[in-house]
Amino acid sequence: MSAARPGGDPYARDRERMVDEQLVRRGITDTHVLEAMRRVPRHLFVDEALRSRAHGDHPLPIGEEQTISQPYIVGLMTSLLDASRDVKVLEIGTGSGYQTAVLAEIVRRVCSIERLPRLAQRARGVLEALGYANVWIRVANGALGWIDEAPFDRILVAAGGPRVPPPLFDQLAEGGRMVLPVGDDEGQVLTVVEKVSGQMVTTPHGDCRFVRLVGKYAWET
Ligand code: SAH
């Protein structure tokens with residue numbers, strides 16, 4: 001039973017409205033995703049000064065020239081990932097840690113890689129304070145994957161590169177699924193990659209715009 005405590009969670013109604021208007025109305029039906037996004041306190045993943053805008057239909061700056069993804073994009077990518085409790089996920093581009101928390105609500109274990117130490121450290125702090133015990137964050141080039149933890153049932157990449165980084169496909173389990181934006185600064189296509197009998201099967205899911213995936217196997221300049 002859940003009863004709204006007066007003053008208990010001042011943002012619960014904002015989250016309800018965000019989920020109804022930005023996700024459900026645009027066709028996202030996965031109840032695990034909708035419930036996770038109703039639960040995760042998105043306002044805690046942005047600066048205090050931006051909290052009143054935390055549930056708006058847009059990305060927001062999180063420092064270091066990076067952004068927290070628009071709620072719809074988080075919902076869409078998470079539902080395309082088609083994840084359940086028994087899977088292990090690799091996430092590339094921890095950023096604020098918001099997408100990480102949404103995944104942690106749904107799956108068994110989340111390994112998340114961020115290249116910028118300050119963002120990784122802040123995300124770690126927020127996720128720890130919220131009590132997520134199934135999340136591991138490391139600072140590295142995520143396009144290289146996380147060899148010690150491979151294979152992964154699911155991989156979600158929250159930054160855009162010119163192609164599927166080969167190490168990530170190598171570290172995807174047979175029958176596994178990866179969701180990532182592929183393209184350049186002009187535009188990217190949200191792409192689902194599946195490993196079927198060792199082969200790469202890709203399905204496009206519309207245009208999107210993410211910050212650059214930086215480093216070897218991505219944008220090297
Ligand atoms: N899902 C995050 C989005 C973060 S934006 C959120 O909602 O907060 C994308 C992040 O990818 C940025 O923090 C950026 O620093 C990171 N990034 C870019 N290239 C990377 C790489 N090669 N490896 C790991 N992280 C990378």
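The shell around the ligand divides into 11 nonpolar residues, 10 polar ones and three charged ones. Keep in mind as you read on that this is a predicted model. The ligand occupies the space of the largest pocket, and 24 residues surround the ligand. Below you will find the ligand's surroundings, then a well-connected arginine, and finally two spots in the backbone worth a look.

**Around the ligand**

- Among the 24 residues of the shell, the ones that come nearest to the ligand are Ser 96, Glu 114, Asn 141, Gly 142 and Val 214.
- Strand 2, residues 66-68, and strand 4, residues 109-114, each contribute at least two residues to this shell.
- Strand 2 gives the largest share, with three residues.

**Polar contacts and burial of the ligand**

- Ser 96 places a polar side-chain atom 2.6 Å from an oxygen atom of the ligand.
- Asn 141 also uses its side chain: an N or O atom there is 2.8 Å from a nitrogen atom of the ligand.
- Val 214 takes part through its backbone, where an N or O atom lies 2.7 Å from a nitrogen atom of the ligand.
- On its own, the ligand would expose 580 Å², and the protein buries 99% of that area.

**Arg 177 and its neighbours**

- Arg 177 belongs to strand 7, which covers residues 172-184.
- A polar atom in the Arg 177 side chain lies 2.5 Å from the backbone oxygen of Leu 80.
- The side chain of Arg 177 is also joined to that of Glu 194 by a polar contact of 3.4 Å.
- Leaving aside residues up to four places away in sequence, Arg 177 touches Leu 80, Leu 81 and Asp 82, then Asp 153, Arg 154 and Ile 155, and also Leu 172, Val 192, Val 193 and Glu 194.

**Backbone geometry to check**

- Most peptide bonds are trans, and most residues other than glycine have a negative phi.
- The peptide bond from Ala 150 to Pro 151 is cis, its omega being near 0°.
- Pro 151 sits in the loop that runs between strand 5 (135-139) and strand 6 (152-157).
- Glu 64 has a positive phi, near 55°, although this residue is not a glycine.
- You can find Glu 64 in the loop between strand 1 (60-63) and strand 2, and strand 2 is the strand that supplies the largest share of the ligand shell.

Technical notes: Residues numbered from 1 in each chain as written. Predicted model: local features only at pLDDT ≥ 70, side-chain atom pairs only at ≥ 80, totals over all residues. Heavy atoms only, no water. Near = heavy atom within 4 Å. Polar contact = N/O pair within 3.5 Å; in protein donor to acceptor, adjacent residues only side chain to side chain. Areas by Shrake-Rupley, 256 points an atom, 1.4 Å probe, with all protein chains shown as cover. 1 Å grid on protein atoms, 1.4 Å probe; cavity = no way out; pocket = protein on both sides within 12 Å on 5 of 7 lines; lining within 4 Å. Sits in = over half its atoms within 2 Å of the grid points. Helix = DSSP H or I, 4+ residues; strand = E, 2+ residues; numbered from the N terminus. Nonpolar A, V, L, I, M, F, W, Y, C, P; charged D, E, K, R; others polar. Contact = heavy atoms within 4.5 Å.
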